[in-house]
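Work through these exercises with the model open. Try each task before you read its solution.

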Amino acid sequence: MGCICKMFGTVVVGVGIAGLARIQDLMNPMPSSPSEHLKLFGFVSRRSFGNINDAKQISLEDALRSKDIHAAFISTENRSHEETIRMFLEAGKHVLVEYPMALSAKAAHELWEMAEHKDKILHVEHIELLTEEYKQLKKEVAGKDLVKGTLHFTGSVLDENKSGFPAFSGIARLTWLIDLFGDLTVTSATREKQKDKNYSRMTVHFNTANKKPLTWIEERGPGMRREKKINFCFTSGCLENFPEAPRSSVGLFMQDQNLFAKKLLGQVSKEELAAEKWRILRCLDLAELIQQYCEEPEKIYS
C-alpha cells in the first residue's frame, strides 16, 4: 500500500455502545486497510470519563476548533444527530453518522446540501447492508420476480423521545426493502400503541414499481426478542428463512469505517456515491411520509 501519507484526525462524539465500538476500531485499524489513514484524537461526551483506553476526552468546542481534527464520528442518540452534524459541517469537518442521519426528511436534505456546498464527505452508517446474512439474502433475491413480501421486525422498547418515530429508528428495515426491491410507494401505514403495556406496532404497506405489494411490520414491546422474519414470494417460490451465512472475519463497524476512509481518500466512484445518496434520502423521505400516515391520516386521505 506504500506510505500512509494522508492522515485524517478523527473525534468520536457520543460514547454509547456504537461510540465505544468506534473508539475501539479507530484505535485498532485493520492492517493495510483504508482505516489506517484515520487517527483518533479523542472523544466528546456529556458524561465525564477522563480517558477510555488511551483515548482522551476533549470538549465539543475543542473538537470543533481543532485543526488536527478533520472528521467526526457521530454516535449520539438519534434526536441530536441533526444538530451535531450541522455543527461539524459548519466547522469544516467530514462527518460519519450512525443511522438515521436525522429525524426529518427536510433536515436530511439540508444537511446533505450543506456537505456538498462545503465539499465535505457526509457518510451515514448502514451496517445492516454489510451483514453476511443480508449479503446472502441479496444474492438469493437477485433476478427473481417478486409477487408479494413481508419483513417483520421485533425488538425491545425504545425511548421515542431519543430515538424518534419507529419509521426513523427502524430505517434499517426500510433500507433493506429499497435495496432489495428498488423504489417503493407507500400505500398505507398505521400504528397501534398500548401505552400501559409499552407496546408499539407499526404496519406499512408499499407497492414496488411493478405494483407488487410489500409489508413492513416494526413491533416493539417489553421482553420482545430482537429478530427479523421474512416471507418473500416470487414467481419461482417463497423464501421464508434467511439463507445460511458464514461469519464475517471483519466487524461491521470496521467495514463501515473502511468505507468512510475510502471516501475520504477519493476511492469511491461518483456513481456509487450518487446511488448511496439517493437511497439514504429516499428512505428518509419515505420514513417521514409513513410518520404522517400514522399520525395525521386525515391530511393524506382528505
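Two strands count as paired if DSSP finds at least two bridges between them. Keep in mind that this is a predicted model.

**Exercise 1. Trace the sheet**

Task: Find the order of the strands in the open sheet of 6 strands, and say which strands are at the edges.

Solution:
- Step 1. Read across the open sheet: the order is S9-S10-S11-S8-S12-S13. The pairing is mixed.
- Step 2. Look for strands that pair on one side only: these are S9 (184-194) and S13 (237-239), the edge strands.
- Step 3. Check the turn: neighbouring strands are turned by 10° against each other on average, with direction ignored.
- Step 4. Go to S8 (residues 146-155) and S11 (residues 213-220): they run parallel and are joined by 7 bridges.
- Step 5. Pick out Thr150: its bridge partner in S11 is Thr215.

**Exercise 2. Place two helices on the sheet**

Task: Say which strands H8 lies across and which strands H10 touches.

Solution:
- Step 1. Take H8 (residues 171-181): it lies across S8, S9, S10 (199-208), S11 and S12 (227-234). H8 runs at about 160° to S11.
- Step 2. Take H10 (residues 270-295): it packs on the sheet and touches S9, S10 and S11. The direction of H10 makes about 50° with that of S9.

**Exercise 3. Classify three helix pairs**

Task: Describe how H3 packs with H4, H8 with H10, and H5 with H8.

Solution:
- Step 1. Start with H3 (residues 81-90) and H4 (residues 105-117): their axes come within 10 Å and cross at roughly 15°. Angles under 35 degrees count as roughly parallel, so H3 is roughly parallel to H4.
- Step 2. Add the handedness and the contacts: H3 passes H4 in a left-handed crossing. Glu82, Ile85, Arg86, Leu89 and Glu90 of H3 meet Ala107, Glu110, Leu111, Met114 and Ala115 of H4.
- Step 3. Move to H8 and H10: their axes come within 10 Å and cross at roughly 120°. The two helices are therefore oblique to each other.
- Step 4. Note that H8 passes H10 in a right-handed crossing. Residues in this contact include Ile171 and Leu174 of H8, with Trp278 and Ile290 of H10.
- Step 5. Finish with H5 (residues 132-141) and H8: they pack at an angle of about 35°, and their axes are 10 Å apart. This crossing is right-handed. Among the contact residues are Tyr134 and Leu137 of H5, and Trp176 and Leu180 of H8.

**Exercise 4. Look inside**

Task: Find which members of the largest nonpolar core touch the most other members.

Solution:
- Step 1. The core holds 64 residues, and Met101, Leu137, Phe206, Phe232 and Ile290 touch the most other members. H10 gives the largest share, 9 residues.
- Step 2. Follow Leu137: leaving out residues up to four places away in sequence, it touches Trp176, Leu180, Ile230, Phe232, Leu239, Phe242 and Pro243.
- Step 3. Now find a second, separate core: it has 17 residues, including Leu26, Ala71, Ala261 and Leu264.

**Exercise 5. Judge one residue**

Task: Is Glu276 buried or exposed?

Solution:
- Step 1. Locate Glu276 in helix H10.
- Step 2. Its relative accessible area is 14%. Buried means under 20%, so Glu276 is buried.
- Step 3. List the contacts of Glu276 beyond four places in sequence: His123, Val124, Leu259 and Lys263.
- Step 4. Compare chain and space: Glu276 and Asp179 are 97 residues apart along the chain, and their C-alpha atoms are separated by 10.0 Å.

Terms used:
Residues numbered from 1 in each chain as written. Predicted model: local features only at pLDDT ≥ 70, side-chain atom pairs only at ≥ 80, totals over all residues. Heavy atoms only, no water. Helix = DSSP H or I, 4+ residues; strand = E, 2+ residues; numbered from the N terminus. Axes fitted to C-alpha atoms, helices over the stretch in contact; angles between N-to-C directions. Contact = heavy atoms within 4.5 Å. Core = buried A, V, L, I, M, F, W, Y, C linked by side-chain atoms within 4.5 Å. Buried < 20%, exposed > 50% of the residue type's maximum accessible area, 1.4 Å probe, protein only. Parallel < 35°, antiparallel > 145°, perpendicular 65-115°, else oblique. Left-handed = near helix turned anticlockwise from the far one by under 90°.
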